[in-house]
Each structure stands twice: as C-alpha cells, then as structure tokens.
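Trainee: I have a model open and would like to learn how to read it. Could you walk me through it?

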Amino acid sequence: MQSTVSDQAVEEMAQRLGVSACAIRMVSNPKTRNYRVYVQRQGRKKRLIEAPKTILKRIQRSLLDSVFSHVHSSTWSHGFCPGRSIFSHAVLHTRKNVVVTMDIKDFFPSVNLQKIHPILRRFFPDESELELAMQLVTRNGRLPQGAPTSPHLANLVFSAIDETIASSIGGRWAYSRYADDLAFSGDDSTGMLIDTVSEIALRNGFCIATKKTRVMRQHHRQKVTGLVVNHGLNLPREKRKNWRATLHRISTQGVEAAEPHCPFKLNGFAAFHMGLDKFKKAQA
C-alpha cells in the first residue's frame, strides 16, 4: 500500500462500499495481480480487454452503484446510461439529409490520471481517499477497458467535451454519442464539422480515428452504430434476412441446428431484435 493512503481512508472506503477493509487493502496493493488481460477479436477488430478479477470487480461495482452513478453523464451521451440505448442514440439521426459518424481512438485508455483526477475529486475530496479511489478504478495510469466503472467514468470525463461540441456546432447539426461513437446529422458543411470536432477532441486529449469517419447522404445507406437510419430505424437488410432464416431453421430443425457452434448467441440476437421492436413501438 502506498504511504499516501491512510488506514482511515481504507476503513472509510470499506464502510462506504459495504466491503471489508482487508479486501480493499489487498486489491490496492500494486503487487496484487487484479486483472485478466487478453485480446478480444471481433472480425478484423482487435481490442485489449483488462477484466478485473472477482474481488476487485465487486468493489468497482459497489463504487459504481453507490457512488458514481448518482452523477449523470451529459444529455448527449447514450452509452451505458440508464433509460438510453443504442436505439435512442441512432433514432436522433433518422430521415436526415446528411449523417456523419466519427470514432474516438482508444476511448477508455485515453482517460488517464490527469483526466480522471478532477472527476474523482467530486466524490472524494479527501486526498487520501482520492488516491485510494484512483488505485481502485485505474490500471497503469488509465481506465481499463473491462472494468465496470470505466464506461461511466469515461462518460463523466467526456461530458464537458460533449457540451463544447454541441455549442460549437450550434443548431446546424444534431449530435449524440454512444461511448466512443459520435454521430451528427443535418445539412451543413461536413468539412467544417469534421475539422471542428477533431480539433475539440485533440485539445482535450482525445484523437479521432480519421479512417473510420463516414459521411453518408440520403441517397446512400446511412448507418449509426450498425442501424440504418434513412427512413426510420432498421437493421441492415442482410441482417434482417439472416434473422428470418435463423427463425425458420429454429422452427423446422431446432435451436442447435440454427446455431450449432454457439447456441447462446441466439439469446443475444433475440434480445436485440425484441429491444428494437419495443423501442420502435414506443416511438410510434
């Protein structure tokens, strides 16, 4: 345990979270291996996952539920926010002449100690408790992608940037963000928009992945976080076709025939489709 963290801070944190002081001392010890680190592959994408082990994950979950969640992220944020979703994010950009999507490169790892420090100070004004909280929610000086606390803390860090972006583009563009995915829709100069947002991100220590920036006009397919938004909210045609074929195989051959290598994936697919249908009915 570093000398800057007092025993009193550990005891008060333990009481506040409803966990044992011994557990907090153990996971905040830099010699303890608290994370399982691996590379997650989704198609051609590779993502480094830093998943906290059981005790630390439980403590982080307590921090999120009993401390951090009481402060909401910005109104422009839809990822990891109660009452908002991928659907509420995408629906804001339906039936627009131009849709622009941008991606923040290395979103969670870009939230370093310098960015997270003023956010955590809101919850822990005492220096010793603040230092302890930093140890509990960061790894190697940044937010780990895989910790339950990281999405909400990243949203809180980006909230001021959301406001800056929204005020800079004024009423010319609709704006929303789902984690590291930024979406804009309107009918103004896309070049000025992209330059403005890129400069704001860079000024605040974030970088836009320029190769992933997309400008989509009405006569082409417009997609926001995987959903087609040209004439309402829909899945891409090929995914709708695949889902209908899957349902047919289930009805004629059973679940295992529909997804023989990974049957549990069907639950996720079904939940997503049901969620989309429910959202669309609520919007009607």
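Mentor: Let's go from the overall picture to the core, the rings and a few single residues. Keep in mind that this is a predicted model.

Trainee: Where should I start? How many helices and strands are in the protein?

Mentor: Start with the elements: the protein has 11 helices and nine strands. Its C-alpha trace spans about 60 × 55 × 35 Å along the principal axes. Of the 284 residues, 45% count as buried. Contacts tell you about the chain path too: among those with a separation of 6 or more, 68% are between residues 24 or more positions apart.

Trainee: And what does the protein expose?

Mentor: About 15,600 Å² is exposed, and carbon and sulfur atoms supply 52% of that area.

Trainee: Now the inside. Which residues have the most contacts inside the largest nonpolar core?

Mentor: The general idea is that in soluble globular proteins, nonpolar side chains tend to be buried together. Here, the largest nonpolar core has 56 residues, and Phe68 and Phe184 have the most contacts inside it. Helix H7, residues 150-169, gives the most to this core, with nine residues. A second, separate core has 13 residues, including Phe87, Ala183, Leu276 and Phe279.

Trainee: Which residues does Phe68 touch?

Mentor: Leaving out residues up to four places away in sequence, Phe68 touches Leu63, Leu120, Phe123, Phe124, Val137, Thr149, His152 and Leu153.

Trainee: Let's turn to aromatic rings. How many aromatic pairs does the structure hold?

Mentor: There are 10. To read a pair, look at the distance between ring centres and the angle between planes. Take Phe158 and Phe206: their ring centres are 5.1 Å apart and their planes meet at 75°, so this pair is edge-to-face. An angle over 60 degrees is what earns that label.

Trainee: Which parts does the pair of Phe158 and Phe206 tie together?

Mentor: Phe158 lies in helix H7, while Phe206 is in the loop between helix H8 (190-203) and strand E6 (207-208), so the pair ties together parts 48 residues apart in sequence.

Trainee: Are these two rings buried or exposed?

Mentor: Phe158 has a relative accessibility of 1% and Phe206 has 2%. Buried means under 20%, so Phe158 counts as buried, and so does Phe206. They also belong to one aromatic cluster with Phe107 and Phe108. In addition, the charged end of Lys115 sits over the ring of Phe206, 5.1 Å from the ring centre.

Trainee: What would a stacked pair look like?

Mentor: See Tyr175 and Phe184: their centres are 4.9 Å apart, with 20° between the planes, and the pair is stacked. Both residues are buried.

Trainee: Which residues does Asp162 touch?

Mentor: Asp162 lies in helix H7, and at 0% relative accessibility it counts as buried. Beyond residues up to four places away in sequence, Asp162 touches Ser74, Trp76, Ser77, Tyr175 and Arg177. Tyr175 is a residue you have already met in the stacked pair.

Trainee: Last topic, cysteines. How many disulfides does the structure hold?

Mentor: Zero. You can still read the surroundings of individual cysteines. Cys81 is buried, with a relative accessible area of 8%, whereas Cys207 is partly exposed at 37%.

Definitions and conventions: Residues numbered from 1 in each chain as written. Predicted model: local features only at pLDDT ≥ 70, side-chain atom pairs only at ≥ 80, totals over all residues. Heavy atoms only, no water. Core = buried A, V, L, I, M, F, W, Y, C linked by side-chain atoms within 4.5 Å. Buried < 20%, exposed > 50% of the residue type's maximum accessible area, 1.4 Å probe, protein only. Helix = DSSP H or I, 4+ residues; strand = E, 2+ residues; numbered from the N terminus. Contact = heavy atoms within 4.5 Å. Disulfide = S-S within 2.5 Å. Phe/Tyr/Trp six-rings, centres within 6.5 Å; stacked < 30°, edge-to-face > 60°. Lys NZ or Arg CZ within 6 Å of the ring centre and 35° of its normal. Areas by Shrake-Rupley, 256 points an atom, 1.4 Å probe, with all protein chains shown as cover.
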